[in-house]
Amino acid sequence: MDISLQSKKIVTIERFILENQPVNARGDFTNLMYDIALAAKVIAHKTNRAGLLPILGRAGATNVQGEDQQKLDVYADDVLYKLCDHTGRLCVMASEEREDIIPIPEGYEKGKYVLVYDPLDGSSNIDVNVSIGTIFGIFRTLDLDRRGRLEDCLQPGRDLLAAGYVLYGSSTMLVYSTGKGVHGFTLDPDIGEFLLSHENMRFPEPPAYYSVNHAYWPRWSPQVQAYMKWLRDGDDSPNLSERYIGSLVADFHRNLLRGGVFLYPAELRKPQGKLRLLYEAAPLAYLAEQAGGYGSDGTQSLLNVKPQSLHQRVPAYIGNRTLVEKAEAMLGTK
Ligand code: AHM
Ligand code: MG
């Protein structure tokens, strides 16, 4: 444990959630946030040992079963599911890892919330020890009967009650918003607690970075190419440096701290882009707005796009408001 007693206060995520819950809250929402924070710790415990399991497995053969060999993204999906399915707080879930909605199993009470998540985004980076993340969003169910239907999951980002991400990086951080600013917590692994480390995060001005996969240059429209040039050396541009990890949570987090824009544009032959609206683009656009930034599909706020299907993809421009509005202007849509 290495908590500096010079800091004014030490605030655990539990205390912060409790103190910031809506006045008449009955605790379900607060407890759901605890569940997610716990899932984050369990997943972090495993990701921190990525690469070790096969070694440890051979050494201590007693307790190594099939699940230790599981791919980490499947493991993370399972952890979130198993921590949330039986609590009576959720009505239905949806995960990037699963084709269909995830019903609450028979025999368990259903609650009024809907959880959508990408359990481990950027998982192709695991094997090369690059930061990865979990992204989540919480809606209220639209259904008084709490049947847990597809349409309860297909809500626009504008209707999110909360969204956040967990970054498994040099330290593990949980960053979330319930519509009252964006707050970041760092996991102290010794005491197993997320402690408030970044209160009220805002995209700084002037921004420093743009993040895009430049290898796709030939696939972009002339307007997208012109915008990329502007970001770098346009007349009234902040002359940004490029930083691209290829791991969405890590790229977004760096830009939130340093200022910048993350881009995954439409391509000429893939106009829908790559990112998933429900599990990736909408939650991060929600956080961006809460941090004074903006998320757009190039034509409109990502928060206004209503998903038509669970795994719908969408082009995405997310970061400092000035940079994203410039994208909309240069793409000729505004
Ligand atoms: P995934 O959900 O299959 O992990 O893919 C999403 C990831 C993001 O983390 C990242 O921003 C993007 O894919 C990188 O894509 P690319 O390799 O095309 O640059
Ligand atoms: Mg993903």
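# Exercises on a predicted protein model

The side chains of Glu242 and His214 are joined by a polar contact of 3.4 Å. The model in which this contact occurs is a predicted one. The exercises below begin with Glu242 and end with the whole protein.

## Exercise 1. The surroundings of Glu242

Determine in which strand Glu242 is found, how far it is covered, and which residues it touches beyond its neighbours within four places in sequence.

Solution.

Step 1. Glu242 belongs to strand β10.

Step 2. The relative accessibility of Glu242 is 32%. Partly exposed residues lie between the limits of 20% and 50%, so Glu242 is counted as partly exposed.

Step 3. With neighbours up to four places away set aside, Glu242 is in contact with Tyr210, Val212 and His214.

Step 4. The side chain of Glu242 makes a polar contact of 3.3 Å with the side chain of Tyr210, and another of 3.4 Å with that of His214.

Step 5. As for Tyr279, 37 residues separate it from Glu242 in sequence, and the C-alpha atoms of the two are 25 Å apart in space.

## Exercise 2. Arg243 and the residues it touches

Locate Arg243, classify it as buried, partly exposed or exposed, and relate its distance from Tyr209 in sequence to that in space.

Solution.

Step 1. Arg243 is placed in the loop that runs between β10 (241-242) and α7 (248-258).

Step 2. A relative accessibility of 37% puts Arg243 among the partly exposed residues.

Step 3. Arg243 and Tyr209 stand 34 residues apart in sequence, while their C-alpha atoms are 6.2 Å apart in space.

Step 4. The contacts of Arg243, apart from residues up to four places away in sequence, are with Tyr209, Tyr210, Ser211, Asp251 and Arg254.

## Exercise 3. Ser211 in strand β9

Decide whether Ser211 is buried or exposed, and find the residue whose side chain makes a polar contact with its own.

Solution.

Step 1. Ser211 is part of strand β9, which covers residues 209-211.

Step 2. The relative accessibility of Ser211 is 0%; Ser211 is therefore counted as buried.

Step 3. The polar partner of the Ser211 side chain is the side chain of Asn255, at 3.1 Å.

Step 4. Outside the four places on either side in sequence, Ser211 is in contact with Arg243, Tyr244, Asp251, Arg254, Asn255, Val261, Phe262 and Leu263.

## Exercise 4. Backbone angles in loops

Describe the backbone at Pro206, Asn200 and Asn129, and give the loop of each residue.

Solution.

Step 1. Pro206 lies in the loop from β8 (193-198) to β9. The peptide bond from Glu205 to Pro206 is cis, and its omega is near -5 degrees.

Step 2. Asn200 is placed in the loop between β8 and β9. Although Asn200 is not a glycine, its phi is positive, about 50 degrees. Asn200 has a relative accessible area of 43% and is therefore partly exposed.

Step 3. Asn129 has its place in the loop between β3 (113-121) and β4 (132-140). Its phi is near 60 degrees, again positive in a residue other than glycine. With 74% relative accessibility, Asn129 counts as exposed.

## Exercise 5. The cover of helix α8

State how many of the 14 residues of helix α8 are buried, and describe the residue just after the helix that takes a positive phi.

Solution.

Step 1. Helix α8 comprises residues 277-290 and is mostly covered, with twelve of the 14 residues buried.

Step 2. The buried residues include Leu277, Tyr279, Glu280, Pro283 and Tyr286.

Step 3. Gly292, just after α8, has a positive phi of about 85 degrees.

## Exercise 6. The protein as a whole

Establish how the protein compares in compactness with a globular protein of its length, and what share of its residues is buried.

Solution.

Step 1. The secondary structure consists of nine helices and 13 strands.

Step 2. The radius of gyration is 20 Å, close to the 20 Å of the globule rule for 334 residues, so the protein is as compact as a globular protein of that length.

Step 3. The C-alpha trace spans about 60 × 50 × 45 Å along its principal axes.

Step 4. Of the 334 residues, 52% are buried.

Step 5. Among contacts between residues at least 6 apart in sequence, 64% join residues at least 24 apart.

Step 6. The accessible surface is about 15,400 Å², and 48% of this surface belongs to carbon and sulfur atoms.

Step 7. The protein has 36 positive and 41 negative charges, and the mean positions of the two sets are 2 Å apart.

Methods
Residues are numbered from 1 along each chain as its sequence is written. Chains are lettered from A and ligands numbered from 1 in the order in which they are written. This is a predicted model: local features need pLDDT of at least 70, side-chain atom pairs count only at pLDDT 80 or more; totals for chains, interfaces and linings use all residues. Side-chain values use heavy atoms; hydrogens and water are left out. Helices (H or I, at least four residues) and strands (E, at least two) are DSSP runs, numbered from the N terminus. The radius of gyration is taken over C-alpha atoms; the globule rule is 2.2 Å times the number of residues to the power 0.38. Buried means under 20% relative accessible area, exposed over 50%, partly exposed in between (1.4 Å probe, protein chains only). Contact means heavy atoms within 4.5 Å. Accessible areas come from the Shrake-Rupley method with a 1.4 Å probe; for residues, only the protein chains shown count as cover. Lys and Arg count as positive and Asp and Glu as negative; His and the chain ends are not counted. The place of a charge is taken as NZ of Lys, CZ of Arg, CG of Asp or CD of Glu. A polar contact is a pair of N or O atoms within 3.5 Å; within protein, one must be able to donate a hydrogen and the other to accept it, and residues adjacent in sequence count only if both atoms are side-chain atoms.
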